[in-house]
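Biologist: Could you take me slowly through one part of this structure, the strands of the second chain and what surrounds them? I am new to reading models, so please connect each step to the next.

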Amino acid sequence: MAKNENTYNEKFKQNQKKLKDRAEELLSNPPIEEEPQSVGDPSKVFEEDKTEGNDK
Amino acid sequence: MLATHLDAERRYELLRQESRIQAQSILPSKLKDSVKLAGISQKELVLAKLWEASPNRQVNWDWKFGYEIYRKRYPKRFELSIWNDYFLCGLAIGRPSYHGSKLRLDFAEKVPDNCPIKGHVMPLILLGAESYALSIGAEEVRLMHPLNERLVNYYNRLGYKYVEGGSEFGQANEKNPHYLYKKI
């Protein structure tokens with residue numbers, strides 16, 4: 001149980017570090033004027049995901 | 001609703017909440033006090049309905065109708081709303097791939113008018129998506145079907161790489177979609 005908790009805490013800390021660096025990249029100086037109104041194609045939101053083949 | 005579906009909904013709701021808390025906790029000080037990352041509820045859907053009346057809106061997507069179907073169909077989904085104080089600034093939905101190694105962002109939109117955090121909504125959505133991807137153990141985030149080259153250039157600047165699905169934007173299809181991706 002304690003080992004699981006440690007593993008969880010370590011993972012949490014690792015993720016926190018990654019995210020912190022990423023937040024700095026994304027938010028410190030974003031391209032303000034170029035920000036788009038949306039991303040993605042509304043007509044394809046429900047498409048079946050057939051990309052998982054890339055995992056194999 | 002099947003018990004397995006309900007179970008997945010509950011388990012992944014916890015992961016959604018946890019990932020939002022994690023992303024919220026590392027926001028830079030200029031945004032930390034005013035910006036809130038939340039899920040999608042009736043409150044957000046009612047406000048998003050108002051976006052439809054804006055002459056500046058560039059997309060045709062009914063958040064209330066679309067989200068309700070999406071929520072029922074994908075219990076492991078990613079969902080995010082971006083608030084600045086009491087102003088709804090953006091919404092996003094996505095889902096993990098079949099084996100869970102990738103998180104695809106299917107659609108995200110920012111408020112069409114007078115956004116108080118202009119320039120920061122899409123980066124916040126990416127941060128939220130990447131946080132959720134880490135929470136579920138995915139290794140990659142994909143932004144599906146960028147509609148034009150301008151979008152590709154914008155997301156390139158935020159660290160995403162483009163993969164062509166067809167020879168032109170309009171020629172990509174379900175079996176061969178085009179997208180941007182980032183390893184996380």
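**The strands of chain B and their surroundings**

Modeller: A good place to enter is the hairpin made by β3(B) and β4(B), where five residues lie between the strands and B:G100 takes a positive phi near 80 degrees. Please keep in mind throughout that this is a predicted model. The two strands on either side of that turn, β3(B) and β4(B), pair in the antiparallel sense over seven bridges, and within this pairing B:G90 has B:K110 of β4(B) as its bridge partner.

If we follow β3(B) to its other neighbour, we come to strand β2 (residues 78–84) of chain B, which is joined to β3(B) by seven bridges and runs antiparallel to it. Here B:G90 appears again, this time as the bridge partner of B:I82. β2(B) and β3(B) also form a hairpin, with two residues between the strands, and in this hairpin B:D85 takes a positive phi near 50 degrees. β3(B) itself, which covers residues 87–96, is mostly covered, since nine of its ten residues are buried.

Going back to β4(B), we find a pairing of another sense, because four bridges join β4(B) to β5(B) and these two strands run parallel. One pair in this arrangement is B:L105 with its bridge partner B:L143 in β5(B). The chain passes from β4(B) through α5(B) to β5(B), and this β-α-β crossover is right-handed. How much of β5(B) is buried? Four of its five residues are, so the strand is largely enclosed by the rest of the structure. On from there, β5(B) is joined by five bridges to strand β7 (residues 179–183) of chain B, and these two run antiparallel; in this pairing B:M144 stands opposite B:Y179.

It helps to place the nonpolar residues next. In soluble globular proteins, nonpolar side chains tend to be buried together. In this model the largest nonpolar core has 53 residues, and those that touch the most other members are B:I82, B:A92, B:L105, B:A108, B:I125, B:A129 and B:L143. You have already met B:I82 as a bridge partner of B:G90, and B:L105 and B:L143 as partners of each other. The element that gives the most to this core is α5(B), with ten residues. As for B:I125, its contacts, not counting residues up to four places away in sequence, are B:L80, B:I82, B:G90, B:A92 and B:A108.

The other chain now comes into view. The secondary structure of chain A comes to one helix and one strand, and 23% of its 56 residues count as buried. Its strand β1 (residues 38–39) pairs with β4(B) in the antiparallel sense over two bridges, and A:V39 stands opposite B:A108 of β4(B). In the loop between α1 (2–27) and β1 of chain A lies A:P30. Is A:P30 buried or exposed? It has 21 other C-beta atoms within 10 Å, and 20 or more are needed to count as buried, so A:P30 is buried. Not counting residues up to four places away in sequence, A:P30 touches B:G119, B:H120 and B:P123.

Taken as a whole, the contact between the chains involves 49 residues of chain B and 32 residues of chain A. On the side of chain B that touches chain A, the elements giving two or more residues are α1, α4 (63–73), β4 (102–110), α5 (121–135), β5 (140–144) and α6 (149–157) of chain B. The most comes from α5(B), with eight residues. Sorted by class, that side of chain B has 28 nonpolar, twelve polar and nine charged residues.

Finally, consider α1(B), one of the elements on that side. Its 23 residues should span 33 Å at 1.5 Å a residue, which agrees with the 33 Å between its end C-alpha atoms. Its buried residues include B:R16, B:S19, B:R20, B:Q22 and B:A23. By contrast, B:L6, which is found in this helix (residues 3–25), counts as exposed because it has 11 C-beta neighbours inside 10 Å, where 12 or fewer is the cut-off. The C-alpha atom of B:L6 is separated by 9.9 Å from that of B:K72, although the two residues are 66 residues apart along the chain.

Technical notes: Residues are numbered from 1 along each chain as its sequence is written. Chains are lettered from A and ligands numbered from 1 in the order in which they are written. This is a predicted model: local features need pLDDT of at least 70, side-chain atom pairs count only at pLDDT 80 or more; totals for chains, interfaces and linings use all residues. Two residues are in contact if their C-beta atoms, placed from the backbone, lie within 7 Å. Ala, Val, Leu, Ile, Met, Phe, Trp, Tyr, Cys and Pro count as nonpolar, Asp, Glu, Lys and Arg as charged, and the others, Gly among them, as polar. A crossover is right-handed if, with the strands pointing away from the viewer, the path from the first strand over the helix to the second runs clockwise. The expected span of a helix is 1.5 Å times one less than its number of residues. A nonpolar core is a set of buried Ala, Val, Leu, Ile, Met, Phe, Trp, Tyr and Cys residues joined through C-beta atoms within 7 Å.
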